[in-house]
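Me: I've just opened this one and don't know my way around yet. Could you walk me through it, one question at a time?

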Amino acid sequence: MGSARDNILGRLRANRPHAVPAPAVYTKPLGWDRERCIAEFMTRMHAVRGEVHRVARDDWTAWLSRELPPRGMLRGLIGRGAVAEQFAAAAADEFTLTRYDHAIDDWKDVLFRDIDFSVTGTLAGLAESGSLVLWPSQDEPRLMSLVPPLHIALLDAGRLFENFAALLAAEEWSARMPTNALLVSGPSKTADIEQTLAYGIHGPKALIVLILD
Amino acid sequence: MNQTQAFHRRIDAALHDDQLRRNFRSALTGIQAKRETQFPDDRQLQALREQARMVRANALVKQPELLEQLEARLTGNGIQVHWAETPQQANTIIGDILRAAGARSVVKGKSMVSEETELNHYLEQLGVEVIESDLGEFIIQLAQEPPSHIVAPAIHKNRREVAELFHRFYPDIPYTEDIDQLTQSARLILREKFAAADAGISGVNFAVAETGTLCLVENEGNGRLSTTAPRLHIAITGVEKVVEKLSDVPPLLEILTKSATGQPITTYFNMISRPRQPGELDGPEAVHLVLLDNGRSRIRVDEELLDTLRCIRCGTCINYCPVYVQLGGHAYGTVYPGPIGIALEPQRIGIDKVGTLTSACTMCGACGEVCPVKIPLPKLINRLRAEAVNEQRTTTPLLGRGSLRKPGEATIWKLWQQLYAHPRLYRLFTLAATRLRWLTPRKLGGWTRYRSAPRPAPRSLRELAIREGFGHG
């Protein structure tokens, strides 16, 4: 008896089915222009209780400073890089900001307990499914968009694609997959009790997308 | 008790549980309606099904090469790959990884393959604390029950039953039957577990060979937390889950989420290609993938039966099955219930063990019509029925082939065949059956359990037709 690996591969090789034609690359062109993409994205996000606002490119920090304190959202988590610097420079007075600038292992409790919201950028958006595309990085680590009860995501209005297939076709990912890539389509939800939708189970309870024009 | 008697006993229990049947009826009606809103255009649906079928069929033909490529890419990316032929091997591998890492507590994302290996039970015996973190899985873990549906594991419970479970295990939380409040309670209970767990265990929806990427589909965020917060992540999946290219993923993802839950997409689609890299601040330091065979490679012996392995575990065939809706998932007694269970489990486990499942089908064809990867489920179930009573008792191409053949039944069918092949014999038979109709037995096995025995008419149709002037005598 060989190794499990050899046995499994051996059985698979011994019974080779007839060749089938390889599938063509799936595309689903919709012919949507930029405004249509934005409108569809907003409709889909709203349908799953995602909040979406169109904000002028230089106004988003002011928008957050105005909107978050009344909601009791004061303890923010920022990463490193342009988004974090802009927010810290503009809004440090209104908020208690924590920087995600060292490894999580010795402050996991703080992240899970003492943060109200996080602010991150996004790689792109998908109009048809209402999805954010995230490539977490050293500057914006994976848990930022997951643990805080409110996630605020900045989306460049020029970075909306019709769907996932269109994005993969436009920006060849296969040779440069990051540690983790994500599609995020709304706040976390479940329907495990009586198939009834309930929001805010393990991930963020709320998601705010600011589309920057 | 043989497998058929045991199955009938479970069926009886399910059919007499009115609450259970109400829970299933209401849940499945809702899921069907949600799915149908996602496919307003049948032509688009059929094109997408064909694309998904081709992607999966292509992956199965190239499976050995793709598994090797997957292993090479994952290894290159820093993810360790393990192979297991049996559930015991898979459990041992996972237990050893946890022991070597000193991991005493595990949060689990949903994985049906781990149900195949009864992983939780094994790990608990090793003294490891295992917490199911998907809300449905968490509920049935409290109830100490297996999932009754592969996508919605607690579908058989209503809100009152969930409320009572929560109250029994967490008496400090005020009793409530409000679904939003129950959800918030689960959030609070499990957040502490996510923050403290040493390891996370998850399943895999698609494993991409081209890039060495593990894809997970979920709504709750527990899958992301299980695979991101602890320092160790172990994924377990069946060897058939591999696909060739990243570009194969969008059509599968679209048809999976629309079919399974009636959503255009789930909240999270999580693509994992590496453990934490130098300079990265979170994510597990080590990631392992366990590839489990558990009878799958045997299913390839036959081209027709190979279609079974195209399955992407969306559960749509289950949601549309008129038998499942009456019985629920537990009556099947196997890890996978419903039409896909009937097609898969006898092949995986053996007809001699669970072949009687094939009787739980009305051949209505609904499962085959909705399957997103076009598995011809009714055809497969019919084939397995025939194999179960095959004249030859063999272990290939199917374990337990011919094991359900009964000599009496076989003789009756042989007689029937002769009767219908020979007109004179047939006429003699109808003459006897009509004239001697009072001899019809009152008890006819399963048929007369709930119905009266049929009695032939006094005259055959042929005789009546001749009397009315039809036919040529």
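Me: Let's start with B:Glu387. Which helix is it in?
Reply: Before we dive in, keep in mind that this is a predicted model. Follow chain B to residues 377-388 and you'll be on the right helix. The place of B:Glu387 is in H20.

Me: Is B:Glu387 buried or exposed?
Reply: Its relative accessible area is 7%. The cut-off for buried is under 20%. Because 7% falls under that limit, B:Glu387 counts as buried.

Me: Which residue does the side chain of B:Glu387 join in a polar contact?
Reply: Leaving aside neighbours within four places in sequence, B:Glu387 touches B:Ile351, B:Leu398, B:Arg401 and B:Gly402. Among them, one has its side chain joined to that of B:Glu387 by a polar contact of 2.8 Å. That partner is B:Arg401.

Me: There's a cis peptide bond after B:Thr396. Which residue does it lead to, and what is omega near?
Reply: Look in the loop between H20 and helix H21 (407-421) of chain B, where B:Pro397 is found. The bond runs from B:Thr396 to B:Pro397, with omega near -5°.

Me: What is the phi of B:Lys374, and where is that residue?
Reply: B:Lys374 isn't a glycine, yet its phi is positive, at about 55°. With a relative accessible area of 29%, this lysine is partly exposed. Its place is in the loop between helix H19 (366-370) and H20 of chain B.

Me: And what about the phi of B:Asn294?
Reply: B:Asn294 sits in the loop between strand E10 (286-292) and helix H13 (296-299) of chain B. At 13% relative accessibility, B:Asn294 counts as buried. It isn't a glycine either, but phi is positive, at about 50°.

Me: How far does helix H3 of chain B reach, and what caps its N-terminal end?
Reply: H3 covers residues 42-61, 20 residues in total. From first C-alpha to last it reaches 28 Å, close to the 28 Å expected at 1.5 Å a residue. At the N-terminal end, a side-chain oxygen lies 2.9 Å from the backbone nitrogen of B:Arg43, and the residue that supplies this cap is B:Asp41.

Me: How many disulfides are there over all chains?
Reply: Take B:Cys215, buried at 0% relative accessibility: its closest cysteine sulfur is in B:Cys311, 17 Å away, which is too far for a bond. B:Cys317 is buried too, at 8%, and its sulfur is 6.3 Å from the closest one, in B:Cys367, again too far for a bond. A disulfide needs the two sulfur atoms within 2.5 Å. Over all chains, the count is zero.

Me: How is chain A built, in helices and strands?
Reply: Its C-alpha atoms fill a box of roughly 70 × 45 × 40 Å along the principal axes. Of its 213 residues, 55% count as buried. The secondary structure comes to six helices and 12 strands.

Me: Which strands of chain A pair with E7(A)?
Reply: E7 spans residues 150-156, and six of its seven residues are buried. Strand E4 (residues 117-121) pairs with it in the parallel sense over five bridges, with A:Phe117 partnered by A:Leu150. Strand E12 (residues 206-212) is also parallel to E7(A), over seven bridges, and there A:Leu150 has A:Ala206 as its bridge partner. So the definition of pairing, at least two bridges, is met by E4(A) and E12(A).

Me: Which are the edge strands of the open sheet of eight strands?
Reply: The order is E8(A)-E5(A)-E6(A)-E9(A)-E9(B)-E6(B)-E5(B)-E8(B), with mixed pairing. Each edge strand pairs on one side only, and they are E8 (160-161) of chain A and E8 (242-243) of chain B.

Me: How much area is buried between chain B and chain A?
Reply: The contact takes 98 residues from chain B and 75 residues from chain A. In chain B, the ones that lose the most area are B:Arg187, B:Arg224 and B:Leu281, together 10% of what that side buries. Carbon and sulfur atoms give 57% of the buried area, which is about 7,500 Å².

Key. Residues are numbered from 1 along each chain as its sequence is written. Chains are lettered from A and ligands numbered from 1 in the order in which they are written. This is a predicted model: local features need pLDDT of at least 70, side-chain atom pairs count only at pLDDT 80 or more; totals for chains, interfaces and linings use all residues. Side-chain values use heavy atoms; hydrogens and water are left out. Helices (H or I, at least four residues) and strands (E, at least two) are DSSP runs, numbered from the N terminus. The expected span of a helix is 1.5 Å times one less than its number of residues. A polar contact is a pair of N or O atoms within 3.5 Å; within protein, one must be able to donate a hydrogen and the other to accept it, and residues adjacent in sequence count only if both atoms are side-chain atoms. Buried means under 20% relative accessible area, exposed over 50%, partly exposed in between (1.4 Å probe, protein chains only). Contact means heavy atoms within 4.5 Å. Buried area is the accessible area (1.4 Å probe) that two parts lose on being put together, summed over both.
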